[in-house]
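Reader: Hi! I'm in my first year and still learning to read protein models. Could you pick one part of this one, look at it closely with me, and then show me how the surroundings fit in?

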Amino acid sequence: RDATVLSALVATWLVDVPHVDLERSRVALLDVRDALHDLAGRPTDRVAPELWDDLAVRIGLEDDLAAQRHVRELGRRITHLSRLTWRRVDGVLTSSARPRHGVRRPELVPVEPGIAIAGAEVALTRDARPSADPTLLLRAAAVAAEHDVELAPATAARLVAETASLPEPWPPAALQALVRLLAAGPGLLPVWETLEETGALASFLPEWERIRLLPHASEIHRFTVDRHVVETCREASALIRDVARPDVLLVAALLHDIGKGGLTEHSVAGEPLAREIADRMGFEAPAVDLVGLLVRRHLLLAETATTRDATDPATAAFVAEQVGSAEGLSLLLALTEADARATSPKAWTTWRAGLVRDLATHTAALLGEPTTAAREPDRVEVPKAVRRGGVAITVTPAADGSRVTVLAPDRVGLLADSAALFALQRVSIRSARAWPQDEVSVSVWEVADEDLDERVLHQRFEAIVAGRIDPRARLSPRKDATPPTVVVRPEASAFSTVLEVRATDRPGVVHLVCAALADLDISVRSAHVDTLGPQAVDVFYLQESSAGALSDTRAVAAAHAVREALSG
């Protein structure tokens, strides 16, 4: 039916439909149905399990598994073409700018270097150079998924043909783009389908072929192995606020079933594969170990919780020995939930969820909670002009970006002004540290932009400080599907109040936090800012302007103010 409707749309000339590929798939599916009718002896569209072997013989394939793959591939391709076509139809019918006669090309809206959005599709800008940018394919996919628009097959095919191969290990921008893609939630599936249909997955994840269209042995699973993995990533994207390493969680979700398809138990077979892939992607050694642990133990909590008594100390000790750390346990709990939710509603009932969480709680008591510790700040040379009240901003090259150092007389609100500088320049902050040195505030920012002009930064910063530019008017918070998490960590420091903030990464997060604290006359004595995939994980060491940790009342007020500032 889908193929027939699409064939009718071809005749309307309303939108472009890849009709050659469509007709080839339609005819092949009709051949399968004819063979099925002949075998069943009656009209039917359902293949009974016992018919797959004979059906494989009728259509010239080697076995039942090959026949299942063939039918699923045809169905998936027609589904992909149908979704793509109807999105284009919706775009034509809802476009207020549609002319009465002829077709107007949609305006290109640049969003990243080399990438733009045209209508409801991602396209390449004229200055895009795929052969010189190995990250372009992944970045284009991430943009499409984040904006829930199409990665046009023609664009994907061009990127596959022209994009330079990723070096090993990947550059940080490539891994960041993959994590953004996996964290996109609802937008992930259609983009992933396009990457699969155009052969793009093979360019950065050749191991995917192991599980592509592979059926699950267990009837509880709703999807094939590859589709289940994508669904697990979608479920995990809703849990990234609960873990310290969302990038590790998302990649582990992508790889947790990569060992299926062989004779060895899949978690055992998958661990070395996952380690190899994570290493190739550019993860540091501890993160590679975490990915390997999650893949190897991704069934541990669910199996143990349903077969052993969680209140028995021996059960928690067994799990603690297998997991090894509180960080690993937190990630494993999130992966367990995502995996179960992607399997079927029966796999994550209230009862099962309660058992798993009780087990995790008892295990966490043995492993202990991780604390956030401040790193001893470095001493820097302060120019005389800064000691006299001036400002110094220096830019030095860093890996795939720049390191910007800002020196200025220490005052409440200074860090907010520095953060506003980068947000207004639309410079992506990868990490930052700030600390006081004598009477001077030092902040060091790792950013993604390689072409920063010190004079422009200095002029913009002075305009912010002088009040000629109002950052709050330009960086107002936006509504977010996932509310920010703001937690006071009283155990993390004996001399300061530690505030941990997790929010969707976007321009202005650090500025909004620091500005809210400055309004309460609270000093940020040290800041540790990191972007983990799509999530900003920022830790701020706070003191009263007169020095000293905040009282409980002031700490609660600070957390509330920050939460409100980020919620919009």
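Author: Happy to! Let's begin with threonine 232, which counts as buried because its relative accessibility is 0%, and the cut-off for buried is under 20%. Keep in mind as we go that this is a predicted model. Threonine 232 sits in helix α10, which covers residues 225-237. What does threonine 232 touch, once residues up to four places away in sequence are left out? The list is Ala253, His256, Leu335, Ala338, Asp339 and Ala342. Try finding each of those side chains on your screen before moving on.

Now let's turn to some helices and how they pack. Helix α11 runs over residues 246-255 and helix α13 over residues 285-296. Their axes come within 9 Å and cross at roughly 45 degrees, and α11 and α13 are therefore oblique to each other. If you look along the crossing, α11 and α13 make a right-handed one. On the α11 side, Val248, Ala252 and Leu255 take part, and they meet Ala287, Leu290, Val291, Leu294 and Val295 of α13.

Helix α13 also packs with helix α16, which spans residues 326-343. Here the axes are 10 Å apart and the angle is about 45 degrees, so α13 and α16 are oblique to each other as well. The crossing of α13 past α16 is right-handed. From α13, the residues making the contact are Leu290, Leu293 and Leu294, and from α16 they are Glu327, Gly328, Leu331, Leu332 and Leu335. You have met Leu335 already, among the contacts of threonine 232. Leu290 and Leu294 are also familiar, since they meet residues of α11.

Next, the nonpolar interior. In soluble globular proteins, nonpolar side chains tend to be buried together. In this model, the largest nonpolar core has 91 residues, and Leu181, Trp192, Leu195 and Phe204 have the most contacts inside it. Helix α5, residues 136-146, gives the most to this core, with nine residues. There is also a second, separate core of 50 residues, which includes Trp445, Ala463, Phe540 and Leu566.

Leucine 195 is a good place to zoom in. Apart from neighbours within four places in sequence, leucine 195 is in contact with Leu137, Ala141, Leu151, Leu181, Ala200, Leu201 and Phe204. The backbone oxygen of leucine 195 also lies 3.4 Å from a polar atom of the threonine 198 side chain. Threonine 198 itself is in the loop between α8 (188-197) and α9. With a relative accessibility of 21%, threonine 198 counts as partly exposed. Beyond its sequence neighbours up to four places away, threonine 198 touches Pro153, Ala156, Ala157 and Val160.

Alanine 174, in helix α7 (residues 172-182), is another residue to visit. Its relative accessible area is 0%, so alanine 174 is buried. Alanine 174 touches Thr135, Leu138 and Leu166, again not counting residues up to four places away in sequence.

Let's check the backbone too. Most residues other than glycine have a negative phi, and most peptide bonds are trans. Which kind of peptide bond joins glutamate 168 to proline 169, cis or trans? That bond is cis, with omega near -5 degrees, and proline 169 lies in the loop between α6 (153-162) and α7. Leucine 213 has a positive phi, near 65 degrees, and belongs to the loop between α9 (201-204) and α10. Aspartate 438 has a positive phi too, near 60 degrees, and its loop joins β7 (429-437) and β8 (440-447). Are they buried or exposed? Leucine 213 is buried at 1%, whereas aspartate 438 counts as exposed at 51%.

We can finish in the strands, with serine 402 of β6, residues 401-409. Serine 402 counts as buried at 2% relative accessibility. A polar atom of the serine 402 side chain lies 2.6 Å from the backbone oxygen of aspartate 449. Among the contacts of serine 402 outside its four-place neighbourhood in sequence are Val395, Thr396, Trp445 and Asp449. Trp445 is also a member of the second core, which makes it a handy landmark as you explore.

Key
Residues are numbered from 1 along each chain as its sequence is written. This is a predicted model: local features need pLDDT of at least 70, side-chain atom pairs count only at pLDDT 80 or more; totals for chains, interfaces and linings use all residues. Side-chain values use heavy atoms; hydrogens and water are left out. Helices (H or I, at least four residues) and strands (E, at least two) are DSSP runs, numbered from the N terminus. Buried means under 20% relative accessible area, exposed over 50%, partly exposed in between (1.4 Å probe, protein chains only). A polar contact is a pair of N or O atoms within 3.5 Å; within protein, one must be able to donate a hydrogen and the other to accept it, and residues adjacent in sequence count only if both atoms are side-chain atoms. Contact means heavy atoms within 4.5 Å. A nonpolar core is a set of buried Ala, Val, Leu, Ile, Met, Phe, Trp, Tyr and Cys residues joined through side-chain atoms within 4.5 Å. Axes are lines fitted to C-alpha atoms, for helices over the stretch in contact, and angles run from 0 to 180 degrees between N-to-C directions. Angles under 35 degrees count as roughly parallel, over 145 as roughly antiparallel, 65 to 115 as roughly perpendicular and the rest as oblique. A crossing is left-handed if the near helix is turned anticlockwise from the far one by less than a right angle, and right-handed if clockwise.
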